[in-house]
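Please open the model in a viewer with residue selection enabled. The tour below proceeds from one selection to the next and states what is found at each stop.

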Amino acid sequence: MPIPLPRPLAGLRIRRLTPGDLVACADLCEDRGWPRDEHRWGLLLAAGTGYGIDDPEGRGGLIATCVVTSYGPRLAAIGMLLVAGSHARQGLGQRLMRHVIDETDGAALILYATSEGRPLYEQLGFKAVGRTERVTGPFRRTDDGGCAVDIRPATADDLRALVRLDTDVFGSDRTHVLARLPAYADHLRVAEDDGGLVGCAASWPSAGTQVIGPLIAPDSLTARTLVASLAEATDLPLRVDIDARHTELLSWLKGCGLRAVSETTVMTCGIPDLPGDWTRRYAPLTVAMG
C-alpha cells in the first residue's frame, strides 16, 4: 500500500536531472553517509535518466534522487534511490520509485538493494534473485600460475568485440554504456585467445579506492589474472562487488588481502532472473544501490 505523504510533500514535483545536478547528487550521497562519487554520477547521468525532487525550502539542493539506465525497450536497471535524512521515512522514496516504474512503461526491472532498501522494493513487487559481496582493501599478489589467454590493454578497435561479449554475458545491448567506458575507466583490460576476446575488466576511482567492474571472464583463473593486471596499475586499495556464487574468486581475493565489507541483494521485477550468463559475469560495471 502506498504510504500517505504529508500534504506539503505530496505536491513536490519530480523532475528529470541534468549534468548540472551532479554536485547536488553528490551532496545528497554525502548526506546519507555514502561517498560523493561525482565520477560515477557523471556516468549515470550521461548513460541513464535521473529523477529528482528539489529541496522545498529553496536551499538549492535535492532531497531525493533515482536513476534509470535502460537497456533497450524491455529492460532497465534502477539505482541511486536516495532520500535526504531530513525527509526520510515520509514516503518520498516510495513515491519516487512508483513514478520511475511508471516511466519505464512496463519494462522488466533490475536493481541491487541494500538491507535498508529491500523492504520497499519487496512492497513494489521486486523479488530477490541473488546476492553480491563487496570486498575491499590493499591487494597483495599471490603466485598462482598464469592463465591460458593473453591479457592486454584494450584499444579502440576492441569496441565492437567488447559489445558482442558484453551483450552475450549480460543478456542485453549496453552499447550506450560501453561506449563511455574508455573515458570513464582509468584502465581497461581484455582477455584474448585465438578465437577473439573472451573477457574484459575495467577499473575506475571512487572514494580513495580503485573500483573494478565490469569483470567478465570464461573462468576463475582468467578473472584472477584480469584483477591482478588492474591491481598492478594502481597503488590504491581495490574495491569490487562480486556475484556471491563465484566463491572461488571471492576466496582468492580475500587471500590477496581484501576483506568483505557489505552485501547487496539482487532483485528483479517482471523477469524471474537476471538475463545473460552468470557463470562469466563476475562483477557489474557499477552497483547503483538503493
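**First stop: Thr69**

Select Thr69 and display its surroundings: leaving aside residues up to four places away in sequence, Thr69 touches Ala47, Gly48, Leu75, Ala76, Ala77, His176 and Val177, where contact means heavy atoms within 4.5 Å. Thr69 is found in strand β3; helices (H or I, at least four residues) and strands (E, at least two) are DSSP runs, numbered from the N terminus. With a relative accessibility of 8%, Thr69 counts as buried; buried means under 20% relative accessible area, exposed over 50%, and partly exposed in between (1.4 Å probe, protein chains only).

This is a predicted model, in which local features need pLDDT of at least 70 and side-chain atom pairs count only at pLDDT 80 or more, while totals for chains, interfaces and linings use all residues. Residues are numbered from 1 along each chain as its sequence is written, and side-chain values use heavy atoms, with hydrogens and water left out.

**Helices α2 and α3**

Next, select residues 22-31 (helix α2) and residues 38-47 (helix α3). Their axes come within 9 Å and cross at roughly 125 degrees; axes are lines fitted to C-alpha atoms, for helices over the stretch in contact, and angles run from 0 to 180 degrees between N-to-C directions. The two helices are therefore oblique to each other, given that angles under 35 degrees count as roughly parallel, over 145 as roughly antiparallel, 65 to 115 as roughly perpendicular and the rest as oblique.

Which residues of α2 and α3 make the contact? On the α2 side they are Leu22, Val23, Cys25, Ala26 and Cys29, and on the α3 side Glu38, Trp41, Gly42 and Leu45.

Now restrict the selection to α2, where Leu22, Ala24, Cys25, Ala26, Leu28 and Cys29 are buried. The cover over these buried residues includes α3, β3 and β4. Following α2 is Gly33, whose phi is positive, near 85 degrees.

Move on to Asp37, in the loop between α2 and α3. Asp37 is not a glycine, yet has a positive phi of about 50 degrees. Its relative accessibility of 10% places Asp37 among the buried residues. Most residues other than glycine have a negative phi, and most peptide bonds are trans.

**The nonpolar cores**

Select Trp41, Ile78, Met97, Leu111, Tyr121 and Phe126, the residues with the most contacts inside the largest nonpolar core, which has 39 residues. Such a core is a set of buried Ala, Val, Leu, Ile, Met, Phe, Trp, Tyr and Cys residues joined through side-chain atoms within 4.5 Å.

Centre the view on Leu111: beyond residues up to four places away in sequence, Leu111 touches Ile78, Met97, Tyr121, Phe126, Thr265, Val266 and Met267. Apart from the largest core lies another, of 30 residues, among them Ala185, Leu188, Cys200 and Ala202.

**Loops and a cis peptide bond**

Select Ala156, in the loop between β7 (150-153) and α6 (159-170). Is Ala156 buried or exposed? Ala156 is exposed, with a relative accessible area of 73%. Add Pro182 to the selection: Ala156 and Pro182 are 26 residues apart in sequence and 8.4 Å apart in space, C-alpha to C-alpha.

Proceed to Ala207, in the loop between β9 (196-206) and β10. Ala207 has a positive phi of about 50 degrees although it is not a glycine, and at 56% relative accessibility Ala207 counts as exposed.

The last selection is Pro214, in strand β10 (residues 209-216). The peptide bond from Gly213 to Pro214 is cis, with omega near 0 degrees.
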